[in-house]
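The following exercises ask the student to reason from a structure to its local details. Please examine the sequence and the model before attempting each task.

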Amino acid sequence: MDQKYDVIILGAGAAGLMCAIEAGKRGRRVLVLERADRIGKKILISGGGRCNFTNLNTSPENFLSANRHFAKSALARYTPADFVRLVEKYSISYHEKKLGQLFCDRAASDITAMLERECRDAGVEIRCNTKVTEVHKNEVRNNEARKSGIHENGQFTVQAEDASFGAPRLVVATGGLSIAKIGATSFGYDLARQFGLKIEPPRAALVPLVFSEQDRKRWCDLAGVSTDVVASARSTKRNTEQAFRENMLFTHRGISGPAILQISSYWDGKEPIHLDLAPDRDLTADLRTREHRDPSSWKLLLREVLPRRLADRWLEMYPLTGNSDRAFADAERQLHAWAVKPEGNEGYGKAEVTAGGVDTDELSAKTMESKKVPGLFFIGEVVDVTGQLGGFNFQWAWASGFCAGQAM
């Protein structure tokens, strides 16, 4: 026999818990079902265990979606300042690391403990270790609804392995496909398809890139070497260019580091990415101020600009073609525009988030409710809204969860 609730939320991650808190505050009887053995597993491992829980500089431009306007409403209704107020209410100490990124001083578990306490105070019931096997909606459909593809109001039944639960509102906060080791599955996408919602094809984002075999032989023994770069990529689909200045790290299979994770979300897999290895430097001008201008001076200069091992390898791969003005200018141009064509990326196992997801055209930007299926909501990473690196994905989780919870 179904246990009855007002709202059932699938997933006890950032978005699901925020939604539960808001719905519970509104007097709704809320049940959160989580397949893992504890809440907020992604929160706990984020930011090196300190949770980069938001970014003070959040704006719609920090998000990638087929509809770049969709996130504006939610982000405006629940801001980083709103979440900071909640953190300060619990006297959780935090700091700004860089570029507006806020981290816990102590541990990410401070955030999960705060959310758990808020849920408890709002009367929310959370069941962990609960695997959902089936979801369906009991409804009567009239002829007009049948023609338009709109589902009428009805009761959702959620079948778990050991019990079944019923509610008129169902919130899907099951996350994406990234980090399978903490239980990521395609369940949210499968559920959306079951109810006839379109999906933007999911793909790994904020993910290290893998070199071609030839480039692995050339560069991968530099694994562990890090340098400041501007990474840029052009999307042929959107005819836009994106660039990020941060560190790049050589790995045993390719390149990673913040600049590469950022650009990976925008790389279309076809065009090369471009790396400026000497941002804001005019090396030929530097050379003119020196006593000598010859290959040995160029080598010394490169060793000032780049880590020594990288500078020496660069000169092996791209030696000076002479001692003329043109030779130095060409050498510098190459350094500012290294074109790299990755073979692919490290996949969902190493990806921080999943891009793509439930098509935003299917959802209300104000409430996250399905336009076709009344009472069905999608929030957080399962939706086609993907933040850049630096706390933006958590802010989307808080904001989308808040908006859905307010609509209960």
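**Exercise 1.** Determine whether Asp330 is buried, partly exposed or exposed in this predicted model, and identify the residue whose side chain meets that of Asp330 in a salt bridge.

*Solution.* Step 1: buried requires under 20% relative accessible area and exposed requires over 50%. Asp330 has a relative accessible area of 27%, so Asp330 is partly exposed. Step 2: the salt-bridge partner of Asp330 is Arg326, at 3.7 Å from N to O. Step 3: Arg326 counts as exposed, because its relative accessibility is 64%. Step 4: both residues belong to helix H13 (residues 325-336), where they lie four residues apart, about one turn of the helix. Step 5: elsewhere, salt bridges with shared partners connect Glu22, Lys25, Lys89 and Glu118 in one network.

**Exercise 2.** Classify the two partners of the salt bridge between Asp110 and Arg106 as buried or exposed.

*Solution.* Step 1: the side chains of Asp110 and Arg106 meet at 2.7 Å, N to O. Step 2: the relative accessible area of Asp110 is 17%, so Asp110 is buried. Step 3: Arg106 reaches 53% relative accessibility and therefore counts as exposed. Step 4: the structure holds 26 salt bridges.

**Exercise 3.** Check whether the length of helix H1 (residues 14-25) agrees with the expected span, and decide how far H1 is enclosed.

*Solution.* Step 1: H1 has twelve residues, and at 1.5 Å a residue they should span 16 Å. Step 2: the end C-alpha atoms of H1 are 17 Å apart, which agrees. Step 3: eleven of the twelve residues are buried, so H1 is largely enclosed by the rest of the structure. Among the buried residues are Leu17, Met18 and Ile21. Step 4: just after H1, Gly27 adopts a positive phi of about 85 degrees.

**Exercise 4.** Describe the surroundings of strand E3 (residues 30-33).

*Solution.* Step 1: strand E2 (residues 7-10) runs parallel to E3, and four bridges join them; Ile8 has Leu31 as its bridge partner. Step 2: E2, H1 and E3 form a right-handed β-α-β unit. Step 3: strand E8 (residues 125-127) is also parallel to E3 and is joined to E3 by three bridges, with Leu33 opposite Arg127. Step 4: both faces of E3 are covered, since Val30 and Val32 on one side and Leu31 and Leu33 on the other are all buried. Step 5: the side chain of Arg127 also meets that of Glu125 in a salt bridge of 3.0 Å, N to O. With a relative accessible area of 25%, Arg127 is partly exposed.

Key. Residues are numbered from 1 along each chain as its sequence is written. This is a predicted model: local features need pLDDT of at least 70, side-chain atom pairs count only at pLDDT 80 or more; totals for chains, interfaces and linings use all residues. Side-chain values use heavy atoms; hydrogens and water are left out. Helices (H or I, at least four residues) and strands (E, at least two) are DSSP runs, numbered from the N terminus. The expected span of a helix is 1.5 Å times one less than its number of residues. Buried means under 20% relative accessible area, exposed over 50%, partly exposed in between (1.4 Å probe, protein chains only). Two strands pair if DSSP finds at least two bridges between them. A crossover is right-handed if, with the strands pointing away from the viewer, the path from the first strand over the helix to the second runs clockwise. A salt bridge is a side-chain nitrogen of Lys or Arg within 4 Å of a carboxyl oxygen of Asp or Glu.
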